[in-house]
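Student: I have a chain open on my screen and would like to talk it through with you. Could you take my questions as they come?

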Amino acid sequence: MSDMTRIGKYLTVHGGELLPGRKTRAWEVQGNGGDVLGTVQWYGAWRQYTFDPTPGTTFNRDCLIDLANFLRRVNDEHRAALRKADEAAP
């Protein structure tokens with residue numbers, strides 16, 4: 001995963017590429033020290049992007065707010081892209 005975006009004071013996300021053989025994207029969430037804290041990827045049962053934490057990780061309130069805001073953004077972008085595709089379909 002190559003693209004890096006800071007999402008708050010303590011976190012960055014890397015990636016955003018389409019997963020091989022899938023229609024959705026994935027991001028790796030890292031702390032300031034480069035530790036992998038989890039992944040954001042599509043969860044089909046809920047039909048939305050979710051955060052899957054790495055076991056043993058700890059998050060404060062601000063980190064959780066930053067993650068929630070990132071999830072809101074990627075889910076909104078996903079839905080907007082679907083609407084645009086539906087509108088463009090014959």
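Student: In what order do the elements run from the N terminus on?

Tutor: This is a predicted model, and in it the elements of the chain run β-β-β-β-β-α from the N terminus on. That comes to one helix and five strands.

Student: And the overall dimensions, what box do the C-alpha atoms fill?

Tutor: Taken along the principal axes, the C-alpha atoms of the chain fill a box of roughly 50 × 25 × 25 Å. The chain exposes about 6200 Å², and carbon and sulfur atoms supply 52% of that area.

Student: How much of the chain counts as buried?

Tutor: Of its 90 residues, 33% count as buried. As for contacts between residues at least 6 apart in sequence, 24% of them join residues at least 24 apart.

Student: Let's go to the strands. Which way do β2 and β3 run, and how many bridges join them?

Tutor: β2 and β3 run antiparallel, and seven bridges join them. The two strands form a hairpin with six residues between them, and Gly21 in the turn has a positive phi of about 75°.

Student: What about β3 and β4, how many bridges are there?

Tutor: Five bridges join β3 to β4, which covers residues 36–43, and this pair also runs antiparallel. β3 and β4 form a hairpin with four residues between them, and there Gly34 in the turn has a positive phi of about 90°.

Student: Which residues stand opposite Glu28?

Tutor: On the β2 side, His14 stands opposite Glu28 in β3, while in β4 the residue opposite Glu28 is Thr39.

Student: So β3 pairs with β2 and with β4. Why is β3 described as largely enclosed?

Tutor: Five of the seven residues of β3 are buried, so this strand is largely enclosed by the rest of the structure.

Student: Back to Thr39 for a moment: is Thr39 buried, partly exposed or exposed?

Tutor: Thr39 has a relative accessibility of 23%, so it counts as partly exposed, the cut-off for buried being under 20%. If residues up to four places away in sequence are not counted, Thr39 touches Trp27, Thr50, Phe51 and Asp52.

Student: Where is Thr50 found, and which residues is it in contact with?

Tutor: Thr50 is found in strand β5. Leaving aside its neighbours within four places in sequence, Thr50 is in contact with Thr39, Val40, Gln41, Tyr43 and Leu71. At 16% relative accessibility, Thr50 counts as buried.

Student: How far apart are the C-alpha atoms of Thr39 and Ile65?

Tutor: The C-alpha atoms of Thr39 and Ile65 are separated by 16 Å, and the two residues are 26 apart along the chain.

Student: Different topic. What is the sign of phi at Arg47?

Tutor: Arg47 has a positive phi of about 55° although it is not a glycine. Most residues other than glycine have a negative phi. Arg47 lies in the loop between β4 and β5, the latter spanning 48–53, and its relative accessibility is 59%, so Arg47 counts as exposed.

Student: And Leu18, where is its place, and what does it touch?

Tutor: The place of Leu18 is in strand β2, and, not counting residues up to four places away in sequence, Leu18 touches Lys23, Thr24 and Arg25. With a relative accessible area of 47%, Leu18 is partly exposed. Leu18 and Arg47 are 29 residues apart along the chain, and their C-alpha atoms are separated by 16 Å.

Student: Last thing, pockets. What volume does the largest pocket have, and which residues lie nearest its centre?

Tutor: The volume of the largest pocket is about 210 Å³. Its lining has 17 residues, and those nearest the centre are Arg25, Trp27, Tyr49, Val74 and Glu77.

Student: Which element gives the most to that lining?

Tutor: α1 gives the most to the lining of the largest pocket, with six residues. At least two lining residues are supplied by each of β1 (4–6), β2 (11–18), β3 (25–31) and α1 (61–88).

Student: And by class, what does the lining of the largest pocket have?

Tutor: The lining of the largest pocket has eight nonpolar, four polar and five charged residues.

Technical notes
Residues are numbered from 1 along each chain as its sequence is written. This is a predicted model: local features need pLDDT of at least 70, side-chain atom pairs count only at pLDDT 80 or more; totals for chains, interfaces and linings use all residues. Side-chain values use heavy atoms; hydrogens and water are left out. On a 1 Å grid over the protein atoms alone, a cavity is a set of points where a 1.4 Å probe fits but cannot get out, and a pocket is an open set with protein on both sides within 12 Å along at least five of seven lines; lining residues have an atom within 4 Å of a point. Grid points are joined across faces, edges and corners, and a volume is the space filled by probe spheres set on the points. Ala, Val, Leu, Ile, Met, Phe, Trp, Tyr, Cys and Pro count as nonpolar, Asp, Glu, Lys and Arg as charged, and the others, Gly among them, as polar. Buried means under 20% relative accessible area, exposed over 50%, partly exposed in between (1.4 Å probe, protein chains only). Contact means heavy atoms within 4.5 Å. Accessible areas come from the Shrake-Rupley method with a 1.4 Å probe; for residues, only the protein chains shown count as cover. Two strands pair if DSSP finds at least two bridges between them.
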